[in-house]
Amino acid sequence: MRRAIRLARRAVAYEWGMWRSLTRWILRRPYPVAPGAETYAYVGGVQPILLAFIALSTVEIPVLDVILRHTVDQPTVRHAAIALGLWGVLWMIGLLASLRIHPHVVDEAGLRVRNGVSVDVTIPWHAVARVALRRRSLPSSRAVQYDADDPAVLNLGVGSQTAVDVVLREPLSVRLPKGPSEPVREIRLYADDPTALVEHARRHLPAAEQAARRPER
């Protein structure tokens, strides 16, 4: 029963987050970031697929209406099918909006890794040993997955791929949609411009290292 309640809460929060993202995207009101912070998109890995589904679903609505008009003598059924089709199109647009409105963020506090409204992980710089550019393919399209060969590696991929490796100084547990992760020593993520993200992130590492070495008073 508790598990069902948790799943229902997550589903409601996810749905609400998507519609809120769609509203902010339409109104061109991105979420504010700290002064000096830079944002990095990751939607390029899935945008072509989402746009194709949106286009096909949009065309499908009038086609389905014509078919039902000539085969089902029930206006209620036809109207329900149209409403469901419209909801599906808006849902996919909302998903695209959530990916756009929640980019990765690099600022003084750390690297904030996101995937729409479902993944929001902040890695503080003092916990980072190094950041490297490396493109990898993943066996699954899931946004969150542990590496099959090394469960201490967490993949936060987009479109079944990652492009940036973040190696940690020591195992770290991060917040995931289903709860805290197992301690991991490396987090991999995807960005449309991984080179720029890595270069920007590396500029924060010397300062973080010096802060970690500074003796406490």
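Strand β3, covering residues 110-115, is where Asn 115 sits, and it makes a good starting point for a walk through this predicted model. Asn 115 is buried, with a relative accessible area of 14%. Leaving aside residues up to four places away in sequence, Asn 115 touches Tyr 42, Leu 99, Ala 143, Gly 157 and Val 158. From there we can step back to the whole protein, then visit its salt bridges, its surface patches and two backbone angles.

**The protein as a whole**

- The protein has four helices and eleven strands.
- Measuring along the principal axes would be one way to picture its extent: the C-alpha atoms fill a box of roughly 80 × 40 × 35 Å.
- Of its 217 residues, 41% count as buried.
- Take the contacts between residues at least 6 apart in sequence: 68% of them join residues at least 24 apart.
- The accessible surface comes to about 13,400 Å², and carbon and sulfur atoms account for 58% of that area.
- On the charge side, there are 29 positive and 20 negative side chains. The centres of these two sets lie 4 Å apart.

**Salt bridges**

- How many salt bridges does the structure hold? There are eight of them, and a few deserve a closer look.
- Asp 120 and Arg 112 are one such pair, with their side chains meeting at 2.6 Å, N to O. Asp 120 counts as partly exposed at 25% relative accessibility, and Arg 112 is also partly exposed, with a relative accessible area of 32%.
- Asp 147 pairs with Arg 188, and their closest N and O atoms are 3.5 Å apart. Because Asp 147 lies in the loop between β6 (145-146) and β7 (153-156) while Arg 188 belongs to strand β11 (residues 184-189), this pair ties together parts that are 41 residues apart in sequence.
- Are the partners Asp 147 and Arg 188 buried or exposed? Both are buried.
- Arg 185 and Asp 150 form another salt bridge, with 2.1 Å between the closest N and O atoms. Here Arg 185 is in strand β11 and Asp 150 is in the loop between β6 and β7, so the pair links parts that are 35 residues apart in sequence.
- Arg 185 counts as partly exposed, at 39% relative accessibility.
- Some salt bridges share partners, and in this way Arg 136, Asp 147, Asp 165, Glu 186 and Arg 188 are joined into one network.

**Surface patches**

- Which residues form the positive surface patch? They are Arg 2, Arg 3, Arg 6, Arg 10, Arg 142 and Lys 178.
- Arg 2, a member of that patch, is found in helix α1, which spans residues 2-26. Its relative accessible area is 70%, so Arg 2 is exposed.
- A nonpolar patch on the surface is made by Val 59, Val 63 and Ile 67. Together these three residues have about 260 Å² of accessible area.
- Val 59 has its place in helix α2 (residues 47-71). With a relative accessible area of 52%, Val 59 is exposed, just past the 50% cut-off for that class.

**Backbone angles to check**

- Most residues other than glycine have a negative phi, which gives a background for the next two residues.
- Arg 28 is not a glycine, yet its phi is positive, at about 55°. Arg 28 lies in the loop between α1 and β1 (38-40), and it counts as exposed, at 76% relative accessibility.
- Ser 160 also has a positive phi, near 60°, and it too is a residue other than glycine.
- Where does Ser 160 lie? Its place is the loop between β7 and β8 (161-172). Ser 160 counts as partly exposed, at 25% relative accessibility.

Conventions. Residues numbered from 1 in each chain as written. Heavy atoms only, no water. Patch = residues over 30% accessible without salt bridge, like charges linked within 9 Å, V, L, I, M, F, W, Y side chains within 5 Å. Areas by Shrake-Rupley, 256 points an atom, 1.4 Å probe, with all protein chains shown as cover. Salt bridge = Lys/Arg side-chain N within 4 Å of Asp/Glu carboxyl O. Lys, Arg positive; Asp, Glu negative; His and termini not counted. Charge placed at Lys NZ, Arg CZ, Asp CG, Glu CD. Helix = DSSP H or I, 4+ residues; strand = E, 2+ residues; numbered from the N terminus. Buried < 20%, exposed > 50% of the residue type's maximum accessible area, 1.4 Å probe, protein only. Contact = heavy atoms within 4.5 Å.
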